[in-house]
Amino acid sequence: MCELCGFVLAAGEGSRMRPATLQRPKALLPFCGVPLLTLALEELRLLPQVGSLVVNAAYLGEQVVEACRQYGREHGVTVHCSREKHRLNHGGGLRKGIGECAPKAQRILVRNVDVVHDFPLEELLRFHQERQADVSALLVPPARPGGVRVSSSGQIESFHDPEGGLVFAGIYVMNREILDFLPPEEKAPSIIDAFQRAASAGRRVLGLCAPPTVFWTDVGTPGEYLLAHDRVRDCAMPGNPTLRQAIVEQSLRRTALEQAGVRCDGPLGLGENLQIPPGSHLHQVVLWDNARLARPALYSTGILWGNCTPPPHVSEMGRQPDARIADTFQARLKTPGEKASEGTENALRKQGSGRRYEPLVEAASGKNLGMLWSAYSLERRENSAFVAIDAFLRELGIPVPQVLLHLPEKGEVVMEDVGRLDLMSLTAPERLPWLPKIAAQAARLHVQGPSHPAASSLPLQPPFSQETYLWERDYFRKHLLQVVLQAPGLWDEQTATEANVVRNTLLQEPQTLLHRDFQGANIKVQRKTGRCVWIDFQGMRRGAAAYDLASLLYDPYVEYTPQERLDAWRAYAKAVEREGGTPPQERIFHLAAVQRLMQALGAYGKLWRQDGLAWYAEYILPGLQHLLQAATAAGLPGFARLARHAMELHHANSLRHQA
């Protein structure tokens, strides 16, 4: 029988996995605690038909070579390593590796190092032999645009079908002579091009379609890498006992952490010898061997390794992005004197919630990269949830900034810069056409969000409860009535009774997922693309849907007429019905506005007087005007009276300060 070579394509840098691949090649990233290269070699070594093992290496190749040596010593086999000074693409890598390391091989079983699956490769080999194929490529569902199209006889007609096709799994068997279809003059040819030339010459280039029950994923991006750790947990992995045992070990490590006081949810990948302080919360993270977390906090949606020292405070003068960000993007912060990019002329306003945003520019030229660096405080748990909620909203089809890199232990994010133009900045005639689109997005979250598979493990803030509404009430009474207006007596018995009605009514409403700060400043608008992009959604929690609409349409930053509010509310109600839900009654909308405005006005008072952010003071009067309008529409005379008296006091205080 012709000698079969098992070949692992492992030369890739894994640039999409940066910064994790800055210090180790993609082939050595741990999956369920075991390097991807080890898992691939195990799968091939255990096939009795395989006579030789070859791995190609380029980026950080010495690490790959040493891993091959170690694997060979542990299992008593020889793993040939084909070194490439420069990446030769799959075609060039196979040509060089087979020629130098397996010259007698007549058939080659190839797998990309960054795929994980449970398809029995014996079936692929049997298919190749029985069908007398020249190439047998494993294909997996579901179909997608740009995939592989196969004829009824199994012949691959196109590897890039724009109308849709099966997914090429990155696993295939080919006869050696297929390498002759690689152009000899090309140093880094594509193996796919060779397949297509071979098919045009009459060779049998076939596709084996795996059944829908087969598990397959690639781990080429951080998102795929993280989610694959969750998807693999229920897979039997019959052809890879090392991965099967690693999955069991992951469950044991997770249980041990939970027993030690660490909360674990979402996909996790856990290495050995971890040091995680009790009280920490791990959500959708991979921790490499020997990772050490410095403090209890929420660590969400990222990869952690090494000694994770605490970051400097967000406001610390001179704080720069982590060096890994500069290495990944060749970027630095835009200095105050540099010209802003087109469409982003306005400066970023200082945030009041423990976050800092700065534009990133190309390190050498200063050219705008269209990215923002965000640093956040780990002390505020909600900030650590931003990236996870961003991914969730994106899956729902709601436009959000694309997250390009996240360092959860440092509290740093690099994201798409979606511009400075927000709903708050538009004039009234410009603003109104955007409202139906924004209302439809809110309806999508409120109706579809709670039933989404990822919703159950999202790191949300505690839901709205009686205590939450009481806290918002007292926030208003302390920071606005007492500190700013110095008139705590405005809160009388009738107002207190009406506040109870508001609170109890909202608690009786169906509880859905809320943006929580759904105001005009947190909705970016892009005139060129027509997108309304949500930001600052890290405070997401469950509560009454009307609270979000009240935040949007009774926003103190923005002025709407009563009719404009009602038109937008009714557009939202119709959108809810289109999504299959039941909208709240109109009065609930106005009651929710009273509750939301108490929170907003309390925040303005606190941010102005306690945090020194004076620009919030200018929104107190509009907020009180909106409180009067909402209370009147909801039939709450006590709140309406309070709002009128508060406006009079605020006006009088302003005149005294001017004098």
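This report covers a helix pair, a helix with a buried side, and one exposed proline.

The model is predicted, so local features need pLDDT of at least 70 and side-chain atom pairs pLDDT 80 or more, while totals for chains, interfaces and linings use all residues. Residues are numbered from 1 along each chain as its sequence is written, and side-chain values use heavy atoms, without hydrogens and water.

The helices discussed are listed below; helices are DSSP runs (H or I, at least four residues) and strands are E runs of at least two, numbered from the N terminus.

| Helix | Residues |
|---|---|
| α5 | 191-200 |
| α15 | 546-553 |
| α16 | 562-578 |
| α17 | 586-609 |

Helices α15 and α17 pack at about 70°, with axes 8 Å apart. The angle makes α15 roughly perpendicular to α17 (65 to 115 degrees). In α15, Ala546, Tyr547, Leu549, Ala550, Ser551 and Leu553 meet residues of α17 including Phe589, Ala592 and Arg596; contact means heavy atoms within 4.5 Å. By class, the contact of α15 with α17 has nine nonpolar, three polar and one charged residues (nonpolar: Ala, Val, Leu, Ile, Met, Phe, Trp, Tyr, Cys and Pro; charged: Asp, Glu, Lys and Arg; polar: the others, Gly among them).

Ile191, Ile192, Ala194, Phe195 and Ala198 of α5 are buried (under 20% relative accessible area, against over 50% for exposed and in between for partly exposed, with a 1.4 Å probe and protein chains only). They cover an arc of only 155° around the axis, so they lie on the same side of α5; the arc is that of the directions from the helix axis to the C-beta atoms. Their cover includes α3, β8, β10, β11 and β12.

Pro562 belongs to α16 and, at 56% relative accessibility, counts as exposed.

Technical notes: Axes fitted to C-alpha atoms, helices over the stretch in contact; angles between N-to-C directions. Parallel < 35°, antiparallel > 145°, perpendicular 65-115°, else oblique.
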